[in-house]
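Trainee: Got a minute? I'd like to walk through this one with you.
Mentor: Sure, pull it up and ask away.

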Amino acid sequence: MTRVLTTLLLATLAAAPVTAQHGAPGGPVPVELLQQRRAEFLTSMPTGIAVFESARIRSVEGDYPQDSDYREANDFFFLTGLESPGGVLVMVQPDSGRSAGEVMLFLNAPPATPDRVSAARTAADSLGAALSGLATVHARRPMPRGRAMPGRPAPVDPMIAMVDSIATARGLERIANPRRIIAPLRAVKDADELRRLRRASEISVEAHKAAMQGTRPGMWEYEVEALVEYTFRRHGAERVGYPSIVGGGFNSTLLHYDLSRQQLHDGDVLLIDAAAEFGYYTADVTRTFPVNGRFTDRQREIYNLVLGAQQAAMDALKPGITMAELNRISRAYMDANSGTLCGDAPCTRYFIHGLGHMVGLDVHDINPYFTEMRPGMTLTIEPGIYIPEEKLGIRIEDVLLVTETGYENLTAGAPRTAEAIEALMAEGRKQTR
Ligand SMILES: [Mn+2]
């Protein structure tokens, strides 16, 4: 299907109560890109059958879905562009390296009568075909009614039998771990993925700026967290990319502090590791700033050491380098520049986690630690120093896009230097005086 036709179809259907990423702030994934991703997957897969299932709808009775609405499974979304619980994508490769392969998409049949309970999801109809860029979409057999209970066997999904019968009929084996094949495809972002990641980054930057401007001694961590997450949603982000970390004082030294229930004190730092997910792509941003708007001399020295370690890795970032090498460079900088800041030994002993990771559909995206960087890959670099006995934790984290010659910092809009942070915080104080 051509883009013009798709656009026309979408325009025609715009008034109908549908679905998918159509109508979502992120918009639909262009079908040409979906077709390209599936073709690349089929080309790189071995002979066999690969199956990608959509996410499961979670129950308010026991699943605790209140932290997020239905969210499609990443690989399913990457290859179909759809949000469609019950969906099953079957990739058939009868002759690896020689055959273009075949794609079969099964979606729930459109409801016979309008669904008065749930929001419309993409179904096996012309819209499902248009949004996914497939000529045909098959209706899947419905799941049997009833749910898993203690003492009662879970209902069997008829799609499992269906996929098995496709495999048997063609004499093909089902591939055990298709994620291994999709990993390299997801590592390099295409134009639509970058568009989403850029927006997620921009929104996250706005939230960090709001936190810097809005934080005052005496506020509670949850108040700042609310400000951050409100900013995400206000700009069209569907959800947080991961549980927000908002930790003041001692809590700044806990890597995954998630309670956000303590008061913020004059003289402490506040570490915020929080980012928005926009159109299924998440940023990952950390900033650390003084609750009262001014770093102490000690805080500033440690801050500048972390900043230097981050910059050293960023300066080395270009195609060909690996995360392992960047990690070594960043730690070598910290070793060489610690002076007596942390006593006789370098501060590197307080840098207790990895330097960074790939970022995309997953916040910790498929991670080629020893794989050479290529243009279009997106990663974070996030050194930190955590000194619990001083209630002082500093981490600085940005989202970086590898370019032909180096990198672009997608989250540079959030102040990074101690001076820029203090300037923005001072501005925030003026506004509310
Ligand atoms: Mn991170």
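Trainee: How many helices and strands does the protein have?
Mentor: There are 11 helices and 16 strands. Helices (H or I, at least four residues) and strands (E, at least two) are DSSP runs, numbered from the N terminus. Keep in mind that this is a predicted model, where local features need pLDDT of at least 70, side-chain atom pairs count only at pLDDT 80 or more, and totals for chains, interfaces and linings use all residues. Residue numbers start from 1 along each chain as its sequence is written.

Trainee: OK. How is the protein divided into domains?
Mentor: Into domain 1 (3–185) and domain 2 (188–431), with bounds that come from an automatic or database domain assignment. Their C-alpha centres lie 34 Å apart.

Trainee: And how many residues does the contact take from each domain?
Mentor: 12 residues from domain 1 and 11 residues from domain 2. Two residues are in contact if their C-beta atoms, placed from the backbone, lie within 7 Å.

Trainee: Which helix gives the most on the domain 1 side?
Mentor: Helix 3 (residues 74–80), with 3 residues. By class, the side of domain 1 that touches domain 2 has 8 nonpolar, 4 polar and no charged residues. Here Ala, Val, Leu, Ile, Met, Phe, Trp, Tyr, Cys and Pro count as nonpolar, Asp, Glu, Lys and Arg as charged, and the others, Gly among them, as polar.

Trainee: Switching topic: what order do the strands take in the open sheet with strand 7?
Mentor: The order is 6-7-10, 3 strands with antiparallel pairing. Two strands pair if DSSP finds at least two bridges between them.

Trainee: Which strands stand at the edges?
Mentor: Strand 6 (245–248) and strand 10 (286–290). Each has a single partner strand, so one side of each is left without a neighbour in the sheet. The twist averages 10 degrees from one strand to the next.

Trainee: How many bridges join strand 6 and strand 7?
Mentor: 4 bridges, with strand 7 being residues 269–273. As an example, Gly247 has Leu271 as its bridge partner in strand 7.

Trainee: Which helix packs on that sheet?
Mentor: Helix 8 (residues 221–234), which touches strand 6 and strand 7. Its direction makes about 145 degrees with that of strand 6; axes are lines fitted to C-alpha atoms, for helices over the stretch in contact, and angles run from 0 to 180 degrees between N-to-C directions.

Trainee: Last one: what share of the residues is buried?
Mentor: 42% of the 433 residues, where buried needs 20 or more other C-beta atoms within 10 Å of a residue's own, with C-beta atoms placed from the backbone.

Note on methods
A residue is buried if 20 or more other C-beta atoms lie within 10 Å of its own, exposed if 12 or fewer, and partly exposed in between; C-beta atoms are placed from the backbone.
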